[in-house]
Amino acid sequence: MAYTTNGGNGEYSYSNNSSFQRGAADAAKELINEAIAEKLDIQNFSSSNTFRVTDLGCSVGPNTILAMQNIVDAVEVKYQSQGHNTPEFQVFFNDNASNDFNTLLTSLPPDRKYYAAAVPGSFYSRLFPNASLHFAFSSYALHCLSQVPKEVLDKSSPAWNKGRIHYSNASDKVVQSYAAQYAKDMECFLNARAQEVVYGGFMVIIIPGRPNGLPHSQAMVNMVGEILGSCLLDMAKKGIISEEKVDTFNLPGYFASPQEVEAIVERNGCFRLERMEILPQAIPSGNFSRGKVTSSQLRAGMEGMFKEHFGEEIIDELFDALHKKLDESSIFESGNGSSLFVLLNRIATV
């Protein structure tokens, strides 16, 4: 079970429901420009006439297109400011094979400054040749786990997460299982990128998380997940779905703190943490209520998982119920959360 964003350009497509992610990307733009201007040492790449960039977990746009154009523009300015000839740029758009690459690629601007390619596959494994990337980028993707922790679906395990679809407000055993899966996945991610990114190359990661010390249950993203789970339980009580279906469904996502991310990077040892910033919390906005906007954004990112497990016939009712419950709640005022900007430099290891 994995996140697969809705393709196309319909009402519940990711293309039309990604304003929250856009807010974080906009907030990170200046930080990326600063990193490239101040820290990127282009002497490390003097032997290459091509500068290669990738967006890992790109989805279908338009956010990825804006982010890649910004990186290319900033690198171009860097080369020109130091009197170097501008290299050719190659941008690789990566996501799971089920991603709607057709919509993405047909949306690329015809006057772009780079050669584009789609790279299907999980970013938790190798995707590129050794030392072939100069800049890797990932936004709102690394909170997605490679799989749901097996223990939370095992009735004989003390971490069995009966009656819940996430770790928020669950037992410590459940939380520990999710945290362990996240750490394992991040280690796989960093190990793969360590082989693909050249020494001196950079990686920028933007991930939804929670402030240090904040209980998982008080993070806004987890509070939304809790309400989503309550909608499923309501449907089970009405006999629309079975309780067993709810018991065997858990969301494959984890929202880490800065301390957790820093510890994983240090343990890996292949990257130096150059900068970590907490980005301003984006609040859902639009022509509809915040509950409606949030519900539509979650549907754009999660609908495929719910269809696969519960069937297509419940989708409209589920996300309509979520919309109403969110509007009745106070989470947009009381919930806490953050997006983390993480700048990593690939270093030589002994």
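## Exercises on the strand sheet, its helices and the cores

Phe-92 stands opposite Ala-117 in E3. This is a predicted model: local features need pLDDT of at least 70, side-chain atom pairs count only at pLDDT 80 or more, and totals for chains, interfaces and linings use all residues. Residues are numbered from 1 along each chain as its sequence is written, and side-chain values use heavy atoms, without hydrogens and water.

**Exercise 1. Place the Phe-92 pair in its sheet, then find the sheet's edges.**

Step 1. Strand E2 covers residues 88-95 and pairs with E3 in the parallel sense. Seven bridges join E2 and E3. Strands are DSSP runs of E with at least two residues, helices are runs of H or I with at least four, and numbering starts at the N terminus. Two strands pair if DSSP finds at least two bridges between them.

Step 2. Write out the strand order. It reads E3-E2-E1-E4-E5-E7-E6, an open sheet of seven strands with mixed pairing.

Step 3. Read off the ends. E3 (114-120) and E6 (271-279) each have a single partner strand, so one side of each lacks a neighbour in the sheet.

Step 4. Add the twist. Neighbouring strands are turned by 15 degrees against each other on average, direction ignored.

**Exercise 2. Determine how E7 is held in the sheet and how many of its residues are buried.**

Step 1. Take the E5 side. E5 and E7 are antiparallel, with eight bridges. Here Met-203 stands opposite Leu-344 of E7.

Step 2. Take the E6 side. E6 and E7 also pair in the antiparallel sense over eight bridges. Met-276 faces Val-342 in E7.

Step 3. Check burial (under 20% relative accessible area is buried, over 50% exposed, in between partly exposed; 1.4 Å probe, protein chains only). Nine of the nine E7 residues are buried, so the strand is largely enclosed by the rest of the structure.

Step 4. Split by face. In a regular strand, side chains alternate between the two faces of the sheet. One side of E7 holds Ser-338, Leu-340, Val-342, Leu-344 and Arg-346. The other holds Ser-339, Phe-341, Leu-343 and Asn-345.

**Exercise 3. Describe the packing of H4 against H7.**

Step 1. Get the geometry. The axes lie 10 Å apart, at an angle of about 45 degrees. That makes H4 oblique to H7. Axes are lines fitted to C-alpha atoms, for helices over the stretch in contact; angles run from 0 to 180 degrees between N-to-C directions. Under 35 degrees counts as roughly parallel, over 145 as roughly antiparallel, 65 to 115 as roughly perpendicular, the rest as oblique.

Step 2. List contacts (heavy atoms within 4.5 Å). From H4, the residues include Tyr-182, Met-186 and Leu-190. From H7, they include Val-261, Ile-264 and Val-265.

Step 3. Relate H7 to the sheet. H7 lies across E5, E6 and E7, and runs at about 170 degrees to E6.

**Exercise 4. Find which residues touch the most other members of the largest nonpolar core.**

Step 1. Define it: buried Ala, Val, Leu, Ile, Met, Phe, Trp, Tyr and Cys residues joined through side-chain atoms within 4.5 Å.

Step 2. Pick the hubs. Among 39 residues, Tyr-182 and Phe-189 touch the most other members.

Step 3. Assign the sources. E4 (133-139), H4 (172-196), E5 (197-209), H7 (258-268) and E7 (338-346) each give two or more residues. H4 gives the most, eight residues.

Step 4. Trace Phe-189. Beyond neighbours within four places in sequence, Phe-189 contacts Leu-56, Phe-123, Tyr-124, Leu-142, Met-203 and Ile-205.
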